[in-house]
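Subject: A structure for you to explore

Hi there,

Here is the structure I promised to pass on to you. Have a look around it first, and then read on for what turned up.

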Amino acid sequence: MNTGVKITAFAAALAATFGTAYGVGKGVGPVAEPEKAEHGEHAAPAPRETAADGHAGHGEEGAGAAEALPGGLQVSEAGYTLALDTPTPAPGRSTLSFSIKDTAGKKVTAFATEHGKELHFIVASRDLTTFRHLHPVKAPDGTWSVDADLPAAGGYKAFADFKPAAPGAQGVTLGADLAVPGAYAPKPLPPVAPTATVDGYQVRLGGTLDPGRAGELKLTVTKGGEPVTDLEPYLGAYGHLVALRDGDLAYLHVHPNEGGPGPDVSFTATAPSAGTYRLFLDFQHGGEVHTAAFTVTAGASDRAPVATPGATHGAAGHAHG
């Protein structure tokens, strides 16, 4: 591959990639949290299939209702559409603008508050080396805007995670493509490794990420060789975890199981398929949010997940849905 590839060629390559996207089967429910059901991944309205981990996935009517999709793979779902006003932002820091539209094309203005926010907005590069979790501001007309630092040209995906305020509405995660113009050179996915280092903290990942069944992921935070036992609540939890599947960026959002303020934070998660995932853990300590990133394989062995040293920092890198 030449060093510089124009973004138009990259977009064509993405289109070819989408043509090979595959479905996933029963048991996709991405997250289980035994104590607080509202912490699970937001799922589309009925009909839905109850997964092995006790959460409902995105279901389909009729025969084959067990077929399901993880969140974020569709720009429109459950009567809502993610409409990007700035689909081609400039590289570097720029303002992203978007809205959520209903079936009549009207901007949605009423959302339920979940984990302190009406909507959570995540942007990740297609090579999974850049991750931003942002908290946009909503204008009275339903237009959301937020500043984001997208450091390099290439393809990105934006995720909007929200719950409409309409009676009976359930949470929805929508995904849409962003393209930053310029010469594009994708970075390789960081290798699998057992620990990640971020801002002087060391995070070790243990447990299993299993296709189609719930497994526990335990992350242990230390600093200077000492366990961190005073993690601070961030958006109502001691840790937040987002997993994105390599290839199509299928979105899994998990919250921690009940526990204390460190050094361990555990999650229950279900991978929708075998494959490679990037995990992004957010935790707060000393008044700052830190994000550690891991590369994980699911389905390769009984002890699949291990981490990679790669991380982002601050509000631009925190994950929450």
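Let's start with a small puzzle: which side chain is joined to that of Thr 173 by a polar contact of 3.3 Å? The partner is Asp 161, whose side chain makes this polar contact with Thr 173. You can find Thr 173 in strand β9, which covers residues 172–180. Thr 173 has a relative accessible area of 0%, so it counts as buried. Please keep in mind throughout that this is a predicted model.

Now for the overall picture. The protein contains one helix and 19 strands. It has 321 residues, and 51% of them count as buried. Its accessible surface is about 12800 Å², with 54% of that belonging to carbon and sulfur atoms. If you take the contacts between residues at least 6 apart in sequence, 66% of them join residues at least 24 apart.

Next, the nonpolar cores. The largest one has 27 residues. Val 203, Leu 209, Leu 279, Leu 281, Phe 283 and Phe 294 are the residues with the most contacts inside this core. Several strands supply at least two residues each to it, among them β11 (201–207), β12 (215–223), β17 (275–285) and β18 (288–298). Val 203 is a good residue to click on: beyond its neighbours within four places in sequence, it is in contact with residues including Pro 194, Leu 219, Val 221, Leu 281, Phe 283 and Phe 294. There is also a second, separate core of 26 residues, and Ile 100, Trp 144, Phe 162 and Leu 174 are among its members.

Strand β18 also holds Ala 298. Is Ala 298 buried or exposed? Its relative accessibility is 3%, and because buried means under 20%, Ala 298 counts as buried. Its C-alpha atom is separated by 5.4 Å from that of Asp 210, although the two residues are 88 apart along the chain.

There is a nice sheet to trace as well. Five strands make up an open sheet, in the order β1-β2-β3-β7-β6, with antiparallel pairing. At the edges stand β1 (76–77) and β6 (137–138); each has a single partner strand, so one side of each has no neighbour in the sheet. Within this sheet, β2 (residues 80–84) pairs with β3 (residues 92–101) over four bridges, in the antiparallel sense. One pair to look for there is Leu 84, which stands opposite Phe 98 in β3. As a general reminder, strands of a sheet pair through backbone hydrogen bonds, either parallel or antiparallel.

Finally, here are some backbone details in the loops:

- The peptide bond from Gly 262 to Pro 263 is cis, with omega near 5 degrees. Pro 263 belongs to the loop between β15 and β16.
- Leu 128 has a positive phi, near 65 degrees, and is not a glycine. It sits in the loop between β4 (119–125) and β5 (131–134), and it is buried, with a relative accessible area of 0%.
- Asp 199 is not a glycine either, yet its phi is positive at about 55 degrees. Its place is the loop between β10 and β11, where Asp 199 is partly exposed, with a relative accessible area of 38%.

Happy exploring!

Best wishes

Notes. Residues numbered from 1 in each chain as written. Predicted model: local features only at pLDDT ≥ 70, side-chain atom pairs only at ≥ 80, totals over all residues. Heavy atoms only, no water. Core = buried A, V, L, I, M, F, W, Y, C linked by side-chain atoms within 4.5 Å. Buried < 20%, exposed > 50% of the residue type's maximum accessible area, 1.4 Å probe, protein only. Contact = heavy atoms within 4.5 Å. Polar contact = N/O pair within 3.5 Å; in protein donor to acceptor, adjacent residues only side chain to side chain. Pairing = 2+ DSSP bridges. Areas by Shrake-Rupley, 256 points an atom, 1.4 Å probe, with all protein chains shown as cover.
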